[in-house]
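The following paragraphs explain a structure step by step. Please keep the sequence and the model in view while reading.

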Amino acid sequence: MAEARAPQKSLPKINPVDRPFWEGAKNNKFLLQKCNSCGKVQFFPRIACVDCFGEVSWIEAKGTGKIHSFTLVRVPRNPAFKEEAPIYYINVILDEGVIIESRLLGDNKEKVKMGDRVKVRYEQTHNPDIKLPCFELA
Amino acid sequence: MRRKKVCFVGYGSTEYSRKSEESLLGQYAIAIRDVLNKTGLKKKDINGLSVTTQASPDTAPHVAEQLGFELDWVLNADYGGASGVGAVSRAADAIECGHLDIALLLAGNSFDRSVAHQRQLEYQRGNFVDVYGYGGPNSLMALIQRLHMENFGTTLEQVGKIAVAQRFNAINNPQALFREPMSMQDYLNSRMISDPVRLFDCVMPCSGAECIILASEEKAKQLTDKLVYLVTDAEKIHYQVANMLPEKTTFGMKLVGEKIFSEVKREDIDLFEIYDDYPIAVMIQIEDFGYCKKGDGGKFVDAHDLTYKGDFPVNTGGGELSVGQAGLAGGFLHVIEGLRQLRGEAEGHQVAKAERALVTGIGWLNYGRNLGTTSALVMERRK
Ligand SMILES: [Zn+2]
């Protein structure tokens, strides 16, 4: 019974489209898609270019960027995260020019301000095959 | 698009409850009986049905079977918070085409635990948002509110004024779950949920149902002497979807507004039923509609009285913030309050001059951007 089990932290349900991204993260690489036709860089992973519908390839991002906005989550949707609240949930503008959603970690995260530089850091999840790209202040 | 011969004929509602485990079909039945009683319609007069809910796996045709509707038109209208306006638009299309002449647009939510409900998160939110321990829409709107405050100097008091005014409007609305007066201090002191979003920025989930009858002008004239016309309606879906650095504090409502106000004068709107999952969303829509410059929403709110007695009446029955959010029926609340006002039936919170209402709906928060759907309509009372 689902009710009887302790809540588990949410994990991605990896599919053929985003598998390269999660394989990359496992190897400490942040992968983005780039359109073979128009050159647009995009995230989250999609079946085709979100702009011109061209075919896409994967490129490695530098893993650096800046805080676009942030919030301190006092009440996580999934109760399994409750112990870690407040969770510093962030929007980051990667240096490649895409907004991504992520989480800020690190001892100095309380000091976060809009526009702060951040760099990626890979967190092992409870699934040994899945690492989650998070960020810390640079 | 300009509408000519489609009218709102009536509305029906249930009470709202935070605890009731009344089944979804039970909620529907209460709202349908209410609208049949109010309009004098018989069930068999209805030849179109639209259903909006997340609380049942059964889609509209299956709901129709269970409720015993033989129909010429059926719609599963799921556009998030934009479903109320979205269902009206699509039913109006079908009525204008002549597929049907009387549509019942139904929406509801239930806490009945015997039915599998609450659908899974969509792909992007499941794989790239929820994994970080986010706090649901509260967190995603908090990111937008922080940007608005940071970029434009918007204050908590300006955001809070919207919530406080709506509570004033709710005090005489018997359907509202929150009818106790709320002060600015109450708002500011409310518990932080996802900074800067606090408790009184959030809606209370509840059970309940709403329904609307939309009809051809010809039928409407036989049914009521309070003729409320659908004047114009428009929507935008996935504004800025291909922009990887989107402007998060501008919604697709900006483009919806341009269409709406090409048909109706901005100054001719008497009251505003603006989808209010959060006060900041109301403020941004006021800006998007061009009632002030982008970023000046805070100053606009300072300069106007948003209560039903005021010069810019917003969410005159209290909105979802004070009435409660019965799941996707939340977007129907705004349509119905507009209709109630135009029919002069808003006892205790009636706007003095209520001839034309602007009603909006906004639906779900997208990855890295803002809203998935934005829609609006104008309704008008004609003698
Ligand atoms: Zn492309």
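How many salt bridges does the rule find across the interface of domain 1 of chain A and domain 2 of chain A? The rule finds one. Before that salt bridge is described, it should be said that this is a predicted model. The partners are Lys26(A) and Asp129(A), whose side chains meet with a distance of 3.5 Å from N to O. In addition, three residue pairs are in polar contact between domain 1 of chain A and domain 2 of chain A, both residues of a pair having pLDDT 80 or more.

The two domains themselves may now be located. In chain A, domain 1 covers 16-61 and domain 2 covers 62-138. To their contact, domain 1 of chain A contributes 13 residues, and domain 2 of chain A contributes 13 residues. The C-alpha centres of these two domains of chain A are 20 Å apart. Between them, domain 1 and domain 2 of chain A bury about 1100 Å², and 70% of this area is on carbon and sulfur atoms. Three residues, Lys26(A), Phe30(A) and Ala61(A), account for 44% of what domain 1 of chain A buries against domain 2 of chain A, more than any other three residues. Lys26(A) thus appears both in this group and in the salt bridge with Asp129(A).

Consider next the side of domain 1 of chain A that touches domain 2 of chain A, and the interface's three polar pairs. Helix H1 (19-26) and strand S2 (41-42) of chain A are the elements that give two or more residues to this side. The largest share comes from H1(A), with four residues. By residue type, this side of domain 1 of chain A consists of eight nonpolar, two polar and three charged residues.

Attention now turns to the interface between the chains. Here 37 residues of chain B are in contact with 44 residues of chain A. Chain B and chain A bury about 3400 Å² between them, and carbon and sulfur atoms give 60% of this area. Of the area that chain B buries against chain A, Tyr132(B), Met244(B) and Tyr367(B) supply 23%, more than any other three residues.

Polar interactions are also found at this interface. Two salt bridges are counted between chain B and chain A. Among the salt bridges of the model is that of Asp195(B) with Arg74(A), in which the closest N and O atoms are 2.6 Å apart. The rule further finds 19 residue pairs in polar contact across the interface of chain B and chain A, with both residues at pLDDT 80 or more. On the side of chain B that touches chain A, helix H4 (123-128), helix H5 (137-152) and strand S5 (192-194) of chain B each supply at least two residues. H5(B) gives the most, with seven residues. This side of chain B divides into 19 nonpolar, 12 polar and six charged residues.

Asp195(B) also takes part in a feature of the backbone. A cis peptide bond, with omega about 0°, joins Asp195(B) to Pro196(B). Pro196(B) is placed in the loop between S5 and strand S6 (197-198) of chain B. Chain A has a cis peptide bond from Phe43(A) to Phe44(A), where omega is near 10°. Phe44(A) lies in the loop between S2 and S3 of chain A.

Asp51(A) is likewise found in the loop between S2 and strand S3 (56-60) of chain A. Is Asp51(A) buried or exposed? Asp51(A) counts as partly exposed because its relative accessible area is 48%, which falls between the limits of 20% and 50%. Apart from neighbours within four places in sequence, Asp51(A) is in contact with Lys40(A) and Ala242(B).

Leu306(B), in the loop between helix H11 (297-303) and helix H12 (319-323) of chain B, offers a second case. Leu306(B) is buried because its relative accessible area is 2%, and buried means under 20%. Leaving aside neighbours within four places in sequence, its contacts include Ile162(B), Phe312(B) and Val314(B).

Finally, two residues deserve a look for their phi angles. Gln240(B), which is not a glycine, has a positive phi of about 65°, and its relative accessibility of 14% makes it buried. Trp364(B), in strand S10 (residues 356-365) of chain B, has a positive phi near 45°. Trp364(B) is partly exposed, with a relative accessible area of 34%.

Notes: Residues are numbered from 1 along each chain as its sequence is written. Chains are lettered from A and ligands numbered from 1 in the order in which they are written. Side-chain values use heavy atoms; hydrogens and water are left out. Domain bounds come from an automatic or database domain assignment. Contact means heavy atoms within 4.5 Å. Buried area is the accessible area (1.4 Å probe) that two parts lose on being put together, summed over both. A salt bridge is a side-chain nitrogen of Lys or Arg within 4 Å of a carboxyl oxygen of Asp or Glu. A polar contact is a pair of N or O atoms within 3.5 Å; within protein, one must be able to donate a hydrogen and the other to accept it, and residues adjacent in sequence count only if both atoms are side-chain atoms. Ala, Val, Leu, Ile, Met, Phe, Trp, Tyr, Cys and Pro count as nonpolar, Asp, Glu, Lys and Arg as charged, and the others, Gly among them, as polar. Buried means under 20% relative accessible area, exposed over 50%, partly exposed in between (1.4 Å probe, protein chains only).
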